[in-house]
Structure formats: structure tokens, C-alpha cells
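The following questions and answers guide a first reading of a protein model. Please keep the sequence and the structure in view while working through them.

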Amino acid sequence: VEASIPEPQRDAWKKFQAKPFVSKDDFEKEVVRHVETTLARSMFNCDETAAYAAASLAFRDRLITEWNRTQQRQTFADTKRVYYLSLEFLMGRALDNAMLNVGLKNVAKEGLSELGFRIEDIINQEHDAALGNGGLGRLAACFLDSMASLNFPAWGYGLRYKYGIFKQEIVDGYQVEVPDYWLDFNPWEFPRHDIVVDVQFYGGVRKYQDEDGKNVAVWEGGEIVKATAYDVPIPGFNTPTTNNMRLWSSKAASGEFDFQKFNSGDYESSVADQQRAETISAVLYPNDNLDRGKELRLKQQYFWVAASLYDIVRRFKKSKRAWSEFPDQIAIQLNDTHPTLAIVELQRILIDMEGLDWDEAWTIVTNTFGYTNHTVLPEALEKWSVPLFQNLLPRHLQIIYDINMFFLQSVERKFPGDRDMLGRVSIIEESQPKMVRMAYLAIVGSHKVNGVAELHSDLIKTTIFRDFVKIFGPDKFTNVTNGITPRRWLHQANPRLSELIASKTGGLGFLKDLNILNELEKFADDKEFKKEWAEIKYANKVRLAKYIKSSTGVTVNPSSLFDIQVKRIHEYKRQQLNIFGVIHRYLTIKAMTPNERKKLTPRVSIFGGKAAPGYWMAKTIIHLINNVGAVINKDPDVGDLLKVIFLEDYNVSKAEIITPASDISEHISTAGTEASGTSNMKFVLNGGLIIGTCDGANIEITREIGENNIFLFGNLAEDVEDLRHTHNYGSHTMDTDLVKVFDLIKSNAFGDAGAFGALTGSIEDHGDYYLVSDDFHSYIETQALVDEAYKDQEEWITKTILSVARMGFFSSDRCINEYAEMIWNVEPLPVEKENGLGKEE
Ligand code: GLS
């Protein structure tokens, strides 16, 4: 560390080191100090926003003290570190999480109350950090929590988007997108104006031989954009370890604007340069499971990857180790193919900047990277056009061609004469224009490739990456089934359930070793326990019912069965199957006599989720759900027997209210399409049962909790291809109940049927790619089983207790330990109790 304080002066530092508060009084002192100094307010103008700001700053100060200690310890110990590269970190709110992870929520609650505030109101002031689309981004956030909680020396690297995922408004039943400007006040980030990296774009490559006859390539010209680091502390649960998430923000190289241009009267173009640079980190692309191939997105990827690698390499070089030790010191995980350019960038740094030989460099590169695949959907597999690449990153394209040449040579040696194989596995697709296949590049440049649930990991080996298994052997491919952090998704979202579990299992230990939940099995038939368990579920449903009332105006009865499907809207996730099922239920109710209706299980069908702004069919599904709700919710024949709710702007903080309130949740993707799913785990962990297809992690959930505790239905992944073939080339007979549902839609019962023609048509006339009709009967029958099962509340509660007791496997801690052992080869590095105050490199 260049600017370290000389030995004789260090005593003074130690004497005055910041001490994290632990008592209520000290917390209050910090809050009042921040209100009166940092915020320049007083007790006469301190509203909830100011109280939130001050409480957050108090906790931020506390986190940053531990962050400093953690970083110093990691620097001194100089053991292997993990870098998790992700274009998305869907963090949600930080204050509640920080309070719980450092174990001071009760202190804060009492302190705030003495100062005149309710802690819930203060927590609700916070704007979600919504730098992600859905499961992939939330997984990255859970992983950060687990890595810190398990004391792994690990950093997340991402982009500091000015606009996170858009805010969804529902206007007349349609989704409307509103920009999410979230940085107005963000106490959780530390701008590092001293950590700035130049990132180059465009330009050209000059090649020559130096005096030793060595080929040299120089990438020159083009333009420079500056990347500034913003650090966000990530506190582990019940440990001093506080890791770092570093997000990069873009600025024009010339600073605010180009003064030369300004002075010469070219003011507009100097502002344009600045804006063009800032655009790079301006917005998160709002697509989940879809690649659109836009140039700005490729710019984002390289900007983020180049800055992160520069930072990682700089830190490594300080240790003065040999380059060959790089993979012993550093593991980099690629969250999907978005950061695949990191492979090329590291190779470029090593050969062009550091002068290593190709082979030596390539060995280092491949031993450093691991690649996680998150989808098999063809429309989501990233490809970049070669001309676009050539223009933006000319040197990288050359390196990709070289990587491909050496790779194809090795394939040729292994499978002599197999021309088809070479064409199939080439990193360059010979199309018009040529395309770079990013997943293939990620496989070739990594030492391990993993899927995110067992079925998914099997599928990638037998379908999209089949040839690569033959080439590299099966050991390169592995599975790490996804997990979720029980800190946020149980302790924070469902405090009463967490408290009850703690009271029966000897404290909060289960939050760090989720298998302790097993001890709940012995209470599955305990009358007292079941009563408390049921009361908590009911209270959570009351909480959601209140939220539904306030946000939609609809009154729902908390004694009804709450049936929830919240996730991104996508045809493969089949919200259309759900809403068609709702319409079928409506038809059934309408055809009944009042006496028959009395026997029914009242149900509230709750939907939530965003559609990508350009995904028209997904938006049509939202429109249909809202129109169906508008009709059913005011039909006096139906009353409380069925309500249909669409919750606007589903996000992480809303998930924390919604998840604990479910009786049943829907995970009903066409078999073989949902790589894992993670909300399925969250719902079961909160004492809800699930209805689902044999897809993704549903299969392992079934294995863990037992098939009596889950409602499975529908065709299997292995049959999907044949069914699609029959739809297209054989005969396609529609399910008769579904035809009745379509007839009702076509009668304009839910508004102008023309609006839904494309949706019904995709099933009736255009091949029913997602097998909605094939699975409809089985879905309806299984929903009837759910109704029956719910009538026996005693049995239902027992099922939910047994399920929770068996969910230990799905902790993201288990997941991170598997990555650490099988892929990263890193050990935890606990932070000692006493240590000096240090500043990160
Ligand atoms: C996703 C998958 O669609 C989910 O099934 C998976 O749970 C998640 C995390 O692995 O990744 N892939 C993707 O592109 N978005 C996702 O949510």
C-alpha cells in the first residue's frame, strides 16, 4: 500500500479507529448526528425519508468499518480469491438485510421508536436496487450473501446502471414502462474517484515483428471511455466478513466535457461525446432469456469486462508472483455468457501487454475461468455479428479467430475428417453475416461448465453442448443446483416463521446450516406447533390481502386458498396456461347451482411479473389476465369463490411480502425449458406447496420433500420434441375444455377478442410450441386435487411442515460450497476479531 502511515504514528490511528456501534444509545447517537450534520436537518424537519437516510448511513458506517478490516485481511493473507462477473445483481433493499446480518435489527427498532419512528415505515422508504431482470440476477445477489456469510474472499463485479429494470404500471389492463431512476439517494455505494480505468473501443490493429522476430500486435486509435468504480459493502450473516461488490460507471475520457471543443465553439459536440460515453452504463437491458444483439449491449459487456480485468490483474501484479500462479490466486466465474469477452481480454493482456507466449497464456486463461449456463432456449444464446465485432473490438476478433483455429485443429486431430463436426462446433458460425457464438467461446475458454439444476445440466450435455462433451470429455461438465439465501428469504421475509423455527431448533443456527430444519419433522403432527404454524401463514396472508386492497382496490378473503404465480412473463413459463385454467374454473362456477358452489374451495389467483417491453405476446398475456380479473372480480355469482389479481411492478421487496403468503404457487413451464427456477425454493421454504411440471429444480425439490408433498403434472421433457413434431406434421387435436375457454374469450367476454387472437392462435393454429393444450387436462385435474387437499387443513399443514423441514439442500450456502470445492478451489478466510483499520488497495 503506497500511502501507508509510518510505524510511529500508527498508535494514534489505533486509538481513534472507528468503532462499530453495538448499543441502542450509540445507534441513536449516530442517527441524530447524521440527521443534524450529514443531512443538515433537525428534529423539526425530520420526515421518514430523512430518518431512513440517517439510519442507513449509521449502518453503512458500521459496514464499512468491517469492510475495511475484511479487505485488509484478504490483502495480507493473499490467498486465492473469487471474482463473480455478472451483468445483473438484483439486490433489492439493503437496510433490513444489513440490520439482520449484523444482528442489530432489534436495537435499531427500539432506537428508531425512541426517536419517533416505526422501523417498518423506515424500511419501506428504501428504493430497491433493481439491477437485474429476474432469476439470474437474483441468484447473483444470493451468491454474494452466501460468499460473505461463509467467509470466502470474493468480489462481485458488475455495472452501475443509472436505470435499473423499468417500473411497471398497469393502465387499462396494459403494461406501461416507466424509467427506474434509483440513484437520487443511495447511501450504500462508495464512489472511488481514485479507481478509474481507461477502456478502449474501435480503432485498428498494427502488426509487426520486433528485433527478436516476435510478432507484435498493437491496438491503436479509436476512443477511450473512463470506468469509475463504485463499491457496495456486502455483509455476511453473523460474521465480520464484509465483501465487496464493485460496479463500474462510464464517463467520457475528457471529463465533464471537452473544453477544447467547448472553447472553439463546438459546445454541442462536446456534450454529445460526454453523453455517448455515459450511455454505456445508463440502462439495464430489460430482457430475460432473450438476446437482441444490440451494439450498445456489446459495448456494455466489454466496458465492464475490461475494467474488471484491469482491476484484477493490477491486484495480482502487486503480489509480484509469477504469471503461472495466476490461476492459483484467482478464480473468475462467468455468470452466463455475458462476460465471455473476459476470456479474450485476459488472453490479450497476457500476450499483447505482458509478452507471454500464446500457449503459456492460454493455459493460464483456461485454468482461471468457469462458465455457468442458465438456459437452453435458443433465442437466449448470445451471438454477435462479426462485422460489429470487427468495428468495435478489432484486436479481440483476431484473438477469437486464433482461439478458434487452435481449437478446431485439436478437434481435427481427435476426429479426423469429420467436417460436419468442425462446422457444428466452430466458434464462428458461417452465416450471413458470420456470427461469434459466445457459449462455445465460453466453453473453450473455461475449465468447468455447469448447469443450474440436474435436469438442465443433463440437457446441456445431451443437446446444445453435445459435441463439446465428446471433444473435452464429460468431466468438464458438471451440475451445481441453484439455491437461495435463507437470510433474506426466510429470516427477513418471514420473521415470525423464522422465530418459531428458532424456538424449536435452539436458535438461529439454521440460518447458517439449513439442514437443521430437519429437526422440524418431529413437530409435523404436534398440535400446538401446527396451530402456531397455521397462524403465521394466516397472518402473512392478511398482510398480503391488505397490500392487495391498497394497491388494486380488490378485497380478498385471507381464508381463501392463495394461488400465486410471480415471475417474468414468458410463454415458456406459461402464465397463459394458468389464466386459461382460471377461465375454466369460472365456467365451472357459472354452471353450478348455489348448493354445488358451497362445496368449492374459495381461491385467489395472484399474478405478478414484468414483460420485456418488446415482447408483444407476453404483454398480451398481461392484458388478458387483467381483463379476466375485471370481469370475474365483479361477478356476483362468483363472489369470494374466485378472485383474480395482477400485482403491479413485481420486484424483490414485493416478493418478500408475497412469498410468505402463498398456499400454492405455480411453476408450470413446458418441461425442459426452465433451467432451474429459484422462486419454487422460496415458496416451499415459506410453508407453501407447489403445483409444477417436471422441470428444472422442481424435480430435485420433489426428491427432497417427497412426492406426496408436491402437485406434479404434465408431459415430460423427453416427450416434448415428439409432441411438437406431431403438432407440425401430424394432427393437432385441441383439448376440449380448452376449446370452451377459447370460445368464451372469442365471445368477447373479456373485451374485444381481437386483442387475444394471436395468443389463442399460437396454440390452435401455429403449432402450440409450449404444449399448452397438451398439458391442459392434466393441469385442470391436478388443480382439482389441490382443492381437495386444501379442504383437509390438518393434513395440508403437516405437508407444509415436512416440506420446510426437508428444504436444507436449497440453501445458496450449499451451492457456494460446491462451486468453491468443484470449480474454484478456494478456502474460506475468516476475519479475525482484532485488526487494524486499513484501506483497500
Ligand atoms: C435463468 C433461468 O431462466 C432460471 O430458470 C434460473 O433459475 C436462473 C438462475 O440460474 O437463470 N436464465 C435466464 O436467462 N434467466 C433466468 O432467470
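Q: In what order do the 9 strands of the open sheet lie?
A: The model is a predicted one. Its 9-stranded sheet is open, and the pairing within this sheet is mixed. Strand 7 (190-201) and strand 18 (477-479) are the edge strands, each pairing on one side only. From one strand to the next, the twist averages 25°. Read across the sheet, the order is 7-10-11-4-1-12-13-17-18.

Q: Which residue of strand 12 is the bridge partner of L85?
A: Strand 1 covers residues 81-85 and strand 12 covers residues 330-335. These two strands pair in the parallel sense over 5 bridges. The bridge partner of L85 in strand 12 is L334.

Q: Which residue in strand 16 stands opposite E429?
A: An open sheet of 3 strands has the order 14-16-15, with antiparallel pairing. Its edge strands are strand 14 (383-385) and strand 15 (428-429). Strand 15 is joined by 2 bridges to strand 16 (residues 435-437). Opposite E429 stands M435.

Q: How many Å separate the centres of domain 1 and domain 3?
A: The protein chain is divided into domain 1 (16-77 + 101-127), domain 2 (78-93 + 128-481) and domain 3 (489-810). Taken over C-alpha atoms, the centres of domain 1 and domain 3 are separated by 39 Å.

Q: Which domains each contribute at least three residues to the shell around the ligand?
A: The shell divides into 5 nonpolar, 6 polar and 2 charged residues. Of the 13 residues around the ligand, those that come nearest are N289, H374, N482, E674 and G677. At least three residues of the shell come from each of domain 2 and domain 3.

Q: How many Å is an oxygen atom of the ligand from an N or O atom in the side chain of H374?
A: Polar contacts to oxygen atoms of the ligand come from side chains and from backbone. A backbone N or O atom of S676 lies 3.0 Å from a ligand oxygen atom, and a polar side-chain atom of Y572 lies 3.2 Å from one. For the side chain of H374, the value is 2.6 Å.

Q: What percentage of the accessible area that the ligand has on its own does the protein cover?
A: On its own, the ligand has 370 Å² of accessible area. The share of this area that the protein covers is 96%.

Technical notes: Residues are numbered from 1 along each chain as its sequence is written. This is a predicted model: local features need pLDDT of at least 70, side-chain atom pairs count only at pLDDT 80 or more; totals for chains, interfaces and linings use all residues. Side-chain values use heavy atoms; hydrogens and water are left out. Two strands pair if DSSP finds at least two bridges between them. Helices (H or I, at least four residues) and strands (E, at least two) are DSSP runs, numbered from the N terminus. Axes are lines fitted to C-alpha atoms, for helices over the stretch in contact, and angles run from 0 to 180 degrees between N-to-C directions. A residue is near a molecule or strand if one of its heavy atoms lies within 4 Å of it. A polar contact is a pair of N or O atoms within 3.5 Å; within protein, one must be able to donate a hydrogen and the other to accept it, and residues adjacent in sequence count only if both atoms are side-chain atoms. Accessible areas come from the Shrake-Rupley method with a 1.4 Å probe; for residues, only the protein chains shown count as cover. Ala, Val, Leu, Ile, Met, Phe, Trp, Tyr, Cys and Pro count as nonpolar, Asp, Glu, Lys and Arg as charged, and the others, Gly among them, as polar. Domain bounds come from an automatic or database domain assignment.
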